[in-house]
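Grab a coffee and work through a few exercises on one fold. Try each task with the model open before you read its solution.

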Amino acid sequence: MFKVIKKEGRARRGEFCCAHGGTVQTPVFMNVGTQAAIKGGVDAFDLHDLGCQIELSNTYHLHLRPGDDVVRQMGGLHRFMNWDGPILTDSGGFQVFSLASLRKITEEGVTFASHLDGHRIFMGPEESMRIQSNLGSDIAMAFDECVENPAQYDYAKASCERTLRWLQRCKAEHDRLNALPDAVNPHQMLFGINQGATYEDLRIWHMQQIAKIDCDGFAIGGLAVGEPTEVMYRIIEAVEPHMPAHKPRYLMGVGTPSNIIEGVARGVDFFDCVMPARNARHGKLFTWQGAMNIKNAKYKLDDRPIDPECDCPVCRRFSRAYVRHLFAAEEILALRLAVMHNLYFYNKLAQRIRDSLDAGCFEDFRREYSEKLSRRI
């Protein structure tokens with residue numbers, strides 16, 4: 001399923017295989033299609049052209065609409081969105097976190113109000129596993145509780161203990177569902193999630209405990225939710241030595257190009273973030289010289305591509321002036337072109353990280369680009 005083929009310091013170059021698609025090369029950035037679509041008018045066929053290896057969709061949103069039962073009847077998420085590569089589905093735990101004012105957490109699970117119409121929904125470990133089984137994703141994420149940062153120590157500790165018990169229930173239900181004769185994807189994998197807020201002792205204890213459960217991979221959750229970047233890096237460094245070395249490691253919801261480079265340097269294999277698509281829809285575009293706001297007036301007569309160093313479909317065909325005009329005219333095409341560029345950039349970033357690991361020069365790449373890609377042009 002997963003093998004590390006090369007290391008440079010803590011950074012790992014690997015390969016990952018699952019039920020759909022070919023071999024995924026890691027480190028990998030997963031492109032976020034929350035509701036089985038990339039916001040900005042990008043479809044599954046575009047994702048191939050943009051270098052996407054893994055698509056990520058959300059359990060909570062697809063449960064609400066069209067309904068996981070509908071997706072199941074349509075043959076699973078792969079057939080529904082016509083994507084033949086790997087799919088990871090989030091458990092819904094983060095959405096429960098974001099609905100803090102509308103939820104009630106108990107040992108059994110979480111009762112909360114739909115953000116669409118306010119109707120009451122219950123989701124616990126078993127419900128999350130059933131929904132993800134209906135979706136038929138390749139990787140199902142365990143149901144967890146993501147706590148806010150900063151969090152009270154006692155609450156974070158109780159939450160860790162509850163998330164551990166929830167993972168044990170997820171594992172039992174996941175195994176049962178995969179064994180059913182009508183399972184949409186009987187080879188679906190399960191990743192456990194490490195929590196513990198910004199307390200190193202809780203993070204380490206929780207990672208040691210969940211590592212005893214036979215999951216197919218492990219994620220670090222509950223970061224990039226308000227804590228300083230330095231704190232996030234410190235937590236990754238504390239947790240990484242306790243993560244099974246022979247299984248993939250996923251840093252959830254992270255992040256900027258620099259975050260990804262620094263995450264790889266600390267031993268992470270999988271990343272995802274809505275940032276490239278979300279920023280693109282507001283005109284913030286990533287380049288190899290730093291980030292730019294294409295809406296700025298200085299690009300009105302600029303006939304250069306968004307990034308002269310980029311060979312994405314947008315940079316090969318259109319000028320900065322044209323893309324800026326589309327935003328000014330509020331044309332839908334502006335969103336599509338901007339999202340395509342940013343997703344290509346992120347996927348290319350992952351490829352260049354892999355190439356540098358292959359060549360044994362990742363540290364050189366890190367020194368050149370980690371700070372540079374944080375700049376604004």
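**Exercise 1. Place helix α8 relative to its neighbouring strands.**

Solution. Helix α8 (residues 200-210) lies across β11 (189-194) and β12 (217-220). Its direction runs at about 155 degrees to that of β11. Some ground rules help here. Helices (H or I, at least four residues) and strands (E, at least two) are DSSP runs, numbered from the N terminus. Axes are lines fitted to C-alpha atoms, for helices over the stretch in contact, and angles run from 0 to 180 degrees between N-to-C directions. Contact means heavy atoms within 4.5 Å.

Keep in mind that this is a predicted model, where local features need pLDDT of at least 70 and side-chain atom pairs count only at pLDDT 80 or more, while totals for chains, interfaces and linings use all residues. Residues are numbered from 1 along each chain as its sequence is written, and side-chain values use heavy atoms, with hydrogens and water left out.

**Exercise 2. Trace the sheet that holds β11 and β12, then zoom in on one strand pair.**

Solution. Start with the strand order: β4-β5-β6-β10-β11-β12-β13-β14, a closed barrel of eight strands with parallel pairing. (Two strands pair if DSSP finds at least two bridges between them.) On average, neighbouring strands of this sheet are turned by 30 degrees against each other, direction ignored.

Now the pair. Strand β6 (residues 87-90) and strand β10 (residues 139-141) are joined in the parallel sense by two bridges. Look across from Thr89 and you'll find Ala140 in β10.

**Exercise 3. Work out how the open sheet is put together.**

Solution. First, the order is β1-β2-β3, an open sheet of three strands with antiparallel pairing. β1 and β3 stand at the edges with a single partner strand each, so one side of each has no neighbour in the sheet. From one strand to the next the twist averages 15 degrees.

Next, count bridges. Strand β1 (residues 2-8) and β2 share six, and β2 and strand β3 (residues 24-26) share three. For the register, Lys6 stands opposite Arg13 in β2, and Val4 has Gly14 as its bridge partner. On the β3 side, Gly14 faces Thr26.

Then check the turn: the hairpin of β1 and β2 has two residues between the strands, and Gly9 there takes a positive phi near 65 degrees.

Last, is strand β2 (residues 11-16) mostly covered or mostly uncovered? Mostly covered, with five of its six residues buried. (Buried means under 20% relative accessible area, exposed over 50%, partly exposed in between, with a 1.4 Å probe and protein chains only.)

**Exercise 4. Describe how α15 packs against α10 and α14.**

Solution. Take α10 (residues 257-265) to begin with. Its axis and that of α15 (residues 362-369) are 10 Å apart, at an angle of about 150 degrees. That makes the two helices α10 and α15 roughly antiparallel. (Angles under 35 degrees count as roughly parallel, over 145 as roughly antiparallel, 65 to 115 as roughly perpendicular and the rest as oblique.) Residues Ile261, Glu262, Val264 and Ala265 in α10 meet Phe362, Phe365, Arg366 and Tyr369 in α15. By class, this contact has six nonpolar, no polar and two charged residues. (Ala, Val, Leu, Ile, Met, Phe, Trp, Tyr, Cys and Pro count as nonpolar, Asp, Glu, Lys and Arg as charged, and the others, Gly among them, as polar.)

Now turn to α14 (residues 332-358). Here the angle with α15 is about 140 degrees and the axes are 7 Å apart, so α14 and α15 are oblique to each other. From α14, Leu349, Arg352, Ile353, Ser356 and Leu357 meet Phe362, Phe365 and Tyr369 in α15. That contact divides into six nonpolar residues, one polar and one charged.

**Exercise 5. Find out how covered Cys52 and helix α6 are.**

Solution. Cys52 sits in the loop between α1 (44-49) and β5 (55-58). At a relative accessible area of 8%, Cys52 is buried. Leaving aside residues up to four places away in sequence, Cys52 touches Asn31, Leu47, Trp83 and Asn347. The C-alpha atoms of Cys52 and Asn31 are separated by 6.5 Å, though the two are 21 residues apart along the chain.

As for helix α6 (residues 125-135), nine of its eleven residues are buried, so α6 is largely enclosed by the rest of the structure. The buried ones include Pro125, Met129, Ile131 and Leu135. Just after α6 comes Gly136, with a positive phi of about 75 degrees.
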